[in-house]
Number of protein chains: 2
Amino acid sequence: MPELRKDPVVDRWVIIAPERADRPNALLRPLPESDGETCPFCPGNEVMTPPEVLVHPGKAGGWSVRVVPNRYPALRTEIQMSRAGNGLFDSTAGVGAHEVVIETAEHRKSLADLPAAQIESVLTAWQERMIDLSRDLRLKALFAFKNQGAPAGATLPHAHSQLVALPFVPPALADELRGARRHYDDKERCIFCDILAQELRDKERVVLETEGAVALSPYAARSPFETWLFLREHRSSFESATGQELRSVADALRTVLRKIDVALDRPAYNLLLHTMPLRESRNDWYHWHLELKPVLTLQAGFEWASGCYINPTPPEEAAGFLRQTETAP
Amino acid sequence: MPELRKDPVVDRWVIIAPERADRPNALLRPLPESDGETCPFCPGNEVMTPPEVLVHPGKAGGWSVRVVPNRYPALRTEIQMSRAGNGLFDSTAGVGAHEVVIETAEHRKSLADLPAAQIESVLTAWQERMIDLSRDLRLKALFAFKNQGAPAGATLPHAHSQLVALPFVPPALADELRGARRHYDDKERCIFCDILAQELRDKERVVLETEGAVALSPYAARSPFETWLFLREHRSSFESATGQELRSVADALRTVLRKIDVALDRPAYNLLLHTMPLRESRNDWYHWHLELKPVLTLQAGFEWASGCYINPTPPEEAAGFLRQTETAP
């Protein structure tokens with residue numbers, strides 16, 4: 001059973017998940033070549049995954065997007081919340097959810113290869129699962145993320161993203177919420193809206209502007225070609241995004257992914273969603289967004305030791321390069 | 001010129017270091033095979049590095065340990081401190097030091113292959129450089145770390161570690177100092193001494209006990225086989241460690257590295273030093289230590305999104321396995 005443990009010095013929660021040691025590639029074995037016959041995410045092999053929790057219908061009675069519980073879950077909903085102490089050490093049962101979103105029925109297509117409507121369907125599946133999982137009041141925050149390619153942590157090549165719901169608000173999101181709240185308390189404005197306004201004036205870190213969305217290289221990008229994607233309008237919660245808004249983000253995301261693929265020769269990447277904790281009402285101070293990080297450098301000893309990042313590519317150069325990168329329509 | 005930039009939302013400093021884009025393997029190219037003729041760290045090739053800042057003499061007029069400025073520095077001492085603002089964004093000149101410690105003259109030996117006295121000589125070189133760099137009052141904290149193997153971020157195969165001095169106390173160390181200080185304010189005891197006492201009673205996470213040092217798998221280990229190494233006695237600062245203490249740590253480190261090499265088939269790893277900020281006097285609440293992290297899993301989208309870690313290997317299993325692993329003397 002998974003267990004959450006807190007480091008007694010730095011209050012850092014770690015998920016100890018022995019069941020994940022069984023999955024393919026758990027300890028850095030190379031990504032297996034798989035084809036439609038052996039791939040658990042391909043049509044016809046649905047019995048190879050746990051039963052689905054959501055399906056979007058596809059052509060000819062098939063499916064186009066399918067969501068299933070992760071077969072090697074880091075956390076589980078079907079266990080009781082329980083806390084335990086042993087001297088200095090605190091633990092709690094690994095309550096949470098861990099699901100897989102199969103993004104397409106086609107084995108060889110990447111997310112960037114899909115039509116905008118299909119990418120929208122993936123985002124909609126994230127949202128539908130988020131709304132459903134938010135009914136479990138033990139769950140506090142949900143992360144949608146995607147590992148594309150083995151260097152980014154993918155263990156299967158068929159295009160998929162993942163959803164993890166946690167029973168607490170973890171540090172990376174808590175830090176963002178705290179910073180955004182502090183800015184709002186001071187200025188009564190959303191800090192992300194302020195950043196967008198400044199970036200759209202300066203232009204040098206803007207990767208893409210569409211009618212509804214903006215992609216930019218963040219000023220203090222942690223790694224080369226890190227790119228963030230926002231709705232232009234202030235919106236705090238992905239849970240309450242409209243169909244029009246998801247369409248707008250899907251369109252812009254598709255263009256950004258295709259630019260990255262052309263500019264960097266289809267790199268491995270991580271993509272993630274940052275949004276308000278579950279069930280928290282709309283507010284004026286937080287702005288949901290996507291973060292995309294091509295895997296071009298490694299986190300090494302220095303990053304681990306200091307918690308700082310070294311980025312060899314100035315964000316202005318990355319943005320300029322991506323702005324000029326042409327993609328097929 | 002390197003530049004330090006602060007993220008306006010989460011107050012995270014990032015080092016933007018365009019010069020590092022020129023180094024080998026900057027963007028995940030495979031580690032080049034090199035031999036004694038082309039390796040810049042081999043005897044006879046000293047002109048391939050910047051002039052040395054420290055040398056330990058070796059046999060026959062040669063050297064055994066050599067410290068040189070990094071040819072692709074993330075930070076530089078020879079620039080002026082200067083701060084600048086642009087709307088929401090803050091930056092400062094990339095003042096700092098970045099040095100390379102060549103750990104042996106022998107091209108094919110890893111740190112684990114070296115005799116204990118040579119490992120002690122490496123730790124002594126770290127300390128000597130730390131004391132020298134501490135005279136630059138702009139520098140606030142120093143990190144010694146080692147990336148062994150390409151998956152751990154090494155760009156050259158010849159055994160070496162690195163030293164980075166920063167003009168601020170970065171988050172990973174600041175968090176530890178804060179947690180240790182809070183425990184001391186509450187209990188008037190060092191939290192690391194308390195952890196050692198509990199672990200030495202429980203035994204299940206202890207990897208190694210020697211007369212002077214203890215190695216253990218931390219209770220909330222972030223990744224498989226993460227191992228921490230402490231002096232048994234309370235000591236806050238590596239800068240003021242005695243020769244006897246460094247010898248004791250070198251001995252234990254050698255045994256731990258050799259156990260890891262046998263148990264995990266010479267994995268890539270990161271090794272790092274956590275100690276008090278520069279020039280801070282000895283205290284009763286912080287305990288310097290080494291952290292060793294074999295690279296067996298990847299940080300992927302979930303870790304990036306949440307700041308939490310998923311560890312598939314319970315620390316008790318890792319410690320039990322390493323305890324039983326026999327190494328050649």
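This section describes how chains A and B meet in a predicted model, and then how selected strands and one helix are packed within each chain.

The contact between the two chains involves 72 residues of chain A and 72 residues of chain B. On the side of chain A that touches chain B, the largest share is contributed by helix α2 of chain A (residues 171-187), which supplies seven residues. By residue class, this side of chain A comprises 46 nonpolar, 14 polar and 12 charged residues.

The two chains also share a β-sheet. Strand β2 of chain A (residues 13-16) runs parallel to strand β15 of chain B (residues 309-311), and three bridges join them. Within this pairing, A:V14 lies opposite B:Y309, while A:I15 has B:I310 as its bridge partner. The resulting sheet is open and has five strands, arranged in the order β5(A)-β6(A)-β1(A)-β2(A)-β15(B), and its pairing is mixed. Strand β5 of chain A (83-86) and strand β15 of chain B occupy the edges, where each has a single partner strand, so one side of each is left without a neighbour in the sheet. From one strand to the next, the twist of this sheet averages 25 degrees.

Within chain A, attention turns to strand β13 (residues 269-274), which is mostly covered, six of its six residues being buried. In a regular strand, side chains alternate between the two faces of the sheet. In β13(A), one side carries A:Y269, A:L271 and A:L273 and the other carries A:N270, A:L272 and A:H274, and both faces are covered. Strand β8 of chain A (residues 141-148) pairs with β13(A) in the antiparallel sense over four bridges, and strand β14 of chain A (residues 289-294) pairs with β13(A), likewise antiparallel, over six bridges. Residue A:N270 figures in both pairings, since it stands opposite A:N147 of β8(A) and also opposite A:K293 in β14(A).

In chain B, strand β14 (residues 289-294) is mostly covered, with six of its six residues buried. The side chains of B:H289, B:E291 and B:K293 point one way from this strand, whereas those of B:L290, B:L292 and B:P294 point the other way, and all of these residues are buried. Strand β14(B) pairs in the antiparallel sense with strand β12 of chain B (residues 227-231) over four bridges, and in this pairing B:W228 has B:E291 as its bridge partner. Antiparallel pairing also links β14(B) to strand β13 of chain B (residues 269-274), here over six bridges, with B:Y269 standing opposite B:P294.

Strand β14 of chain B is also among the elements that pack against the buried residues of helix α3 of chain B. This helix (residues 191-202) has 12 residues and reaches 16 Å from its first C-alpha to its last, close to the 16 Å expected at 1.5 Å a residue. Its buried residues are B:I191, B:F192, B:I195, B:L196 and B:E199. Seen down the axis of α3(B), these buried residues fall within an arc of 140 degrees, so they line one face of the helix. An α-helix has 3.6 residues a turn, so residues three or four places apart point the same way. The buried residues of α3(B) pack against α2 (171-187), β10 (206-209), β11 (213-216), β12 and β14 of chain B. The helix is followed by B:K203, for which phi is positive, near 70 degrees.

Key: Residues numbered from 1 in each chain as written. Chains lettered and ligands numbered in written order. Predicted model: local features only at pLDDT ≥ 70, side-chain atom pairs only at ≥ 80, totals over all residues. Contact = placed C-beta atoms within 7 Å. Nonpolar A, V, L, I, M, F, W, Y, C, P; charged D, E, K, R; others polar. Pairing = 2+ DSSP bridges. Buried ≥ 20, exposed ≤ 12 C-beta atoms within 10 Å, placed from the backbone. Expected span 1.5 Å × (residues − 1). Arc of directions from axis to C-beta. Axes fitted to C-alpha atoms, helices over the stretch in contact; angles between N-to-C directions.
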